[in-house]
Amino acid sequence: MSELTLQERRAAASVRLEWGLVALGIVALIAAPFFIYPIFVMKMLCFALFACAFNLLLGYTGLLSFGHATFFGGAAYFCAYAVKAWGWPPEAGILLGMGGAAVLGLVMGFLAIRRQGIYFAMITLALAQMFYFFCVQAPFTEGEDGIQGVPRGSLFGIVDLNVTMNMYYVVLTIFLIGVFAIWRIVNSPFGMILRSIRENENRAISLGYSVGRYKLAAFVMSAALAGLAGATKAIVFQFATLTDVTWQMSGGVILMNLLGGIGTMVGPVVGAGLVVGLENTLATSGFPVTIATGLIFMVCVLIFRRGIVGELYARWLSPAEAGSDRDKA
């Protein structure tokens, strides 16, 4: 069997697996609030969207950012302040948070993409720490107390978000729209160029692509979607605090992607669910959450080197590879 046919079989198997997981996940999420505490699931969805946004940059463009908490937490602050101080409706606050995160991403990305590898990562970390200290001192963030008591209001003046089930399905809708946007970007010609940059940047340059512009565009898109997650979280929990802009938050989203599987659509969702679930389960147990997360991370590195979903993909596709080898023989 030709190499092209093998690749086609692997791609088809991957698509079937991914769509199967997506369909199963959507059904589970629709039914989830009837069996699981809705606030917990909403928190998981916000962090899952954040992880998917980060995966767009790391998994499909090959850029490791240590400063994505800037966009997540910054959007939360922008949204919370607009809704509480200016009396904006929640949908306008979320859009403002998303737009503010995109502007921050444009500024940070413009400075960071001039370097590669660890230098790129360190620049994003340095800029993120600058933004953190800005949030500590800025009057509108209310310092270490954060912006509290943010009203949920009504979506478009119709849907009362103070009703938990209404809030849940709005968050689920935002999550699905965000993930669909990422899927559409990844599977577009633009996404193919991003993958080529990830695999061989010099080859992409030799083909005439303006690599810097594509990297910056991917950075801004990732920042905007991370901002969408952060602004939604601010409405759900009705506050925005310094926790959302710390370097630990940036490290947490990297961990979610590593556990779930970098470069897969479903992996970041699984990783976010695992991390948030651990935090929620161990919060009252007295056992340190960081130690439990570290142990699970070590197990995943040793057993699931591609991440949980990445390893599942590899094992699902192995029969196709074995069948191809038999045909060649």
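These are my notebook entries on one predicted model.

**Entry: the annotated segments**

I started with the record. UniProt, in an unreviewed entry, places the feature "transmembrane region" at eight stretches, including 20–40, 92–111, 118–140 and 167–186. I looked up two of them in the model. Residues 92–111 are 100% helix and 0% strand. The end C-alpha atoms of that stretch lie 29 Å apart. Residues 118–140 are 87% helix, again with 0% strand. Here the end C-alpha atoms are 33 Å apart.

**Entry: helix H6**

Next I checked H6, residues 164–186. Does its length agree with the expected span? Its 23 residues should span 33 Å at 1.5 Å a residue, and the end C-alpha atoms are 33 Å apart, so the two agree. I then listed its buried residues. Among them are Met167, Tyr168, Val170, Val171, Leu172, Ile174 and Phe175. Further along, Gly178, Val179, Ile182, Ile185 and Val186 are buried too. I noted the helix geometry beside this list. An α-helix has 3.6 residues a turn, so residues three or four places apart point the same way.

**Entry: helix H3 and its surroundings**

H3 covers residues 69–85. Its 17 residues reach 23 Å from the first C-alpha to the last. The expected value is 24 Å, so I noted the span as close. How many of its residues are buried? I found 13 of the 17, and H3 is mostly covered. Just after H3, Gly87 takes a positive phi of about 75°.

Before H3, I stopped at Ser65. Ser65 sits in the loop between H2 and H3. Ser65 is buried, at a relative accessible area of 1%. I also looked at Ser250, which is 185 residues away from Ser65 along the chain. The C-alpha atoms of Ser65 and Ser250 are 8.1 Å apart.

**Entry: the cysteines**

How many disulfides are there? I count zero. I wanted to know why. A disulfide needs two cysteine sulfurs within 2.5 Å. For Cys52, the closest cysteine sulfur is in Cys46, 12 Å away, which is too far for a bond. For Cys79, the closest is also in Cys46, at 11 Å, and that is too far as well. Both residues are covered: Cys52 is buried at 3% relative accessible area, and Cys79 is buried at 0%.

**Entry: the cavity**

I searched for cavities of 30 Å³ or more and found one. Its volume is about 40 Å³. Which residues line it? They are Leu45, Cys46, Leu49, Val171, Ile174, Phe175, Leu228, Ala229 and Thr232. H2, H6 and H9 each supply at least two of these. By class, the lining has eight nonpolar residues, one polar and no charged. I met some of these residues before: Val171, Ile174 and Phe175 are on the buried list of H6.

**Entry: the second largest pocket**

Last, I opened the second largest pocket. It holds about 460 Å³ of space. Its lining has 23 residues, and the closest to its centre are Gln248, Met249, Gly252, Val275 and Glu279. H2, H9, H10, H11 and H12 each supply at least two lining residues. Which helix gives the largest share? H10 does, with nine residues. I sorted the lining of this pocket by class as well. The split is 12 nonpolar, seven polar and four charged.

Terms used
Residues are numbered from 1 along each chain as its sequence is written. This is a predicted model: local features need pLDDT of at least 70, side-chain atom pairs count only at pLDDT 80 or more; totals for chains, interfaces and linings use all residues. Side-chain values use heavy atoms; hydrogens and water are left out. Buried means under 20% relative accessible area, exposed over 50%, partly exposed in between (1.4 Å probe, protein chains only). On a 1 Å grid over the protein atoms alone, a cavity is a set of points where a 1.4 Å probe fits but cannot get out, and a pocket is an open set with protein on both sides within 12 Å along at least five of seven lines; lining residues have an atom within 4 Å of a point. Grid points are joined across faces, edges and corners, and a volume is the space filled by probe spheres set on the points. Helices (H or I, at least four residues) and strands (E, at least two) are DSSP runs, numbered from the N terminus. Ala, Val, Leu, Ile, Met, Phe, Trp, Tyr, Cys and Pro count as nonpolar, Asp, Glu, Lys and Arg as charged, and the others, Gly among them, as polar. UniProt positions are given in the numbering used here, feature names are shortened, and annotations may be inferred rather than shown by experiment.
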